[in-house]
Amino acid sequence: MDKLQITGGRPLRGEVEVSGAKNAALPCLCASLLTADAVTLENVPQLNDIGTTLRLLRQLGVKAERAGQPGDRVTLDATRVESLEAPYELVKTMRASILVLGPLVARFGEARVSLPGGCAIGQRPIDQHIKGLAAMGAEISIEHGFVVARAKRLKGATIRTDMITVTGTENLMMAAVLAEGLTVLENAAREPEIVDLAELLIKMGARISGHGTDRIVIEGVSRLHGTTHRVMPDRIEAGTFLCAVGAAGGEIVLRNADPASMGATLDKLAEAGLAIECGTDWVQAGMSGRPRAVGFRTLEYPGFATDMQAQLMALNAIAEGTAVITETIFENRYMHVQELRRLGADIEIDGHTAVVKGVAGLSGATVMATDLRASASLVIAGLVADGQTTIDRIYHLDRGYEQMERKLLQLGADIRRVSGSGGQAR
Ligand SMILES: CC(=O)N[C@H]1[C@@H](OP(=O)(O)OP(=O)(O)OC[C@H]2O[C@@H](n3ccc(=O)[nH]c3=O)[C@H](O)[C@@H]2O)O[C@H](CO)[C@@H](O)[C@@H]1O
Ligand SMILES: C=C(OP(=O)(O)O)C(=O)O
């Protein structure tokens, strides 16, 4: 298993390219199942989760090829789908595999997807995906660990989910585009990645309005066609680099960014003392001295993203003052706290709330990554900590960050990947 070794204390300076968004690319890849024509996606990041999705789609019979420089273009051809089953081996490594459920049942009338189960950050049930498909006329059963959905043709329906769910909204939107009649998704998620997916579907011939609001209206069509779509920039990766410069100091410019989708993060970082300037596709951020502590609650978009909670906590760990953080989306998303404490952070947890008393400095140690954003918070802490920090189990990081250590090296960090097999830097 690979590890990261970081020697902290260097400010970050320079420019870095933001990659395409993991959480937009995943549903867009699955949307290719909705048509027999070729769909080409650009700005697809090279991540383990993308590799897993491509493996899953190929297993279903989709032809998927990467091209372009640096391989960020993926062409998908779902003319000959031979299997309607997403197996446990793939679903267990990536919960987003559930996103094939809606497209498969909509186009082929049947899907079998292994139940994803819980993960480190929470239980993460899929009851709302199931409830929505059932409202559209699908017969749903749980058989041998699989959710099985069958419907000759889905029928439009008005669906109000019990809570706001991102992949739930995406699954139901993809199901509804080929359903008969009108579907209204009430209490829909408003995340920018939903808008990105809706824009792809519209280019494929879908009739969708209201995406980006909590009421999405979809008029089903009988077939969709191929298209080309550029995946939006990753707002969470971009926010992670901003937290890194906020903690380590220095000045960086993010290229190929989408600041319009980053409002809550940019506001909080400005409150913490970063000097931030934005254009349409770039963000410049500088920090000198210690950041100020900033409290926040995680919320659905346009609130502060749960996927940024761990990274802003790492910044708070070395800030001046005390920050109160409340996680409202997932019940167990504080796994990074005990590892940050190993680096000297002063953090107390009480239920969903974390109280972070900023300390003047952290000290390097060996820590373990427990999930994707927890890993990113440890990288940020390692960039500030005195001496060497070794982060174990960074396969979590590789799920969602494209070449993070190369990008940080480019910004002047002292960081290297050590491969599990023999201690070689890569
Ligand atoms: C691939 C992807 O896009 N992942 C993102 C997506 O995950 P994901 O779509 O899985 O997260 P949801 O928005 O569905 O989850 C929100 C909350 O609703 C609950 N819930 C959800 C569905 C359901 O059927 N029943 C239910 O109880 C979840 O357990 C959670 O507590 O949104 C999360 C919240 O912004 C992000 O952290 C993830 O990075
Ligand atoms: C939780 C995340 O992803 P996933 O939903 O794929 O687990 C994330 O991107 O932070």
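Helices (H or I, at least four residues) and strands (E, at least two) are taken here as DSSP runs, numbered from the N terminus. The structure is a predicted model, in which local features need pLDDT of at least 70 and side-chain atom pairs count only at pLDDT 80 or more, while totals for chains, interfaces and linings use all residues. Residues are numbered from 1 along each chain as its sequence is written, and chains are lettered from A and ligands numbered from 1 in the order in which they are written.

**Domains**

The chain is assigned domain 1 (3–19 + 233–418) and domain 2 (22–230), with bounds that come from an automatic or database domain assignment. Their C-alpha centres lie 30 Å apart, and the contact takes 19 residues from domain 1 and 15 residues from domain 2, two residues being in contact if their C-beta atoms, placed from the backbone, lie within 7 Å. On the side of domain 1 that touches domain 2, helix α13 (residues 395–400) gives the largest share, four residues.

**Ligand shells**

A residue is near a molecule if its C-beta atom, placed from the backbone, lies within 6 Å of it. Of the 21 residues around ligand 1, the nearest are N23, Q128, T165, V166 and T167; helices α1 (22–31), α5 (127–135) and α6 each supply at least two residues of this shell, and domain 1 and domain 2 each contribute at least three. Around ligand 2 stand N23, R95, A96, D307, L372, R373 and G400. Because both domain 1 and domain 2 give residues to the shell around ligand 2, this ligand lies between them.

The table divides residues by class, where Ala, Val, Leu, Ile, Met, Phe, Trp, Tyr, Cys and Pro count as nonpolar, Asp, Glu, Lys and Arg as charged, and the others, Gly among them, as polar.

| Set of residues | Division by class |
|---|---|
| Shell around ligand 1 | eight nonpolar, nine polar, four charged residues |
| Shell around ligand 2 | two nonpolar, two polar, three charged residues |
| Side of domain 1 that touches domain 2 | five nonpolar, five polar, nine charged residues |

**Helices α6 and α7**

The axes of helix α6 (residues 166–176) and helix α7 (residues 192–203) come within 10 Å and cross at roughly 15°, the axes being lines fitted to C-alpha atoms, for helices over the stretch in contact, with angles running from 0 to 180 degrees between N-to-C directions. The two helices are therefore roughly parallel to each other (angles under 35 degrees). In their contact, V166, T169, E170 and M173 of α6 meet I194, L197 and A198 of α7, a set with five nonpolar, one polar and one charged residues.

How values were computed. Angles under 35 degrees count as roughly parallel, over 145 as roughly antiparallel, 65 to 115 as roughly perpendicular and the rest as oblique.
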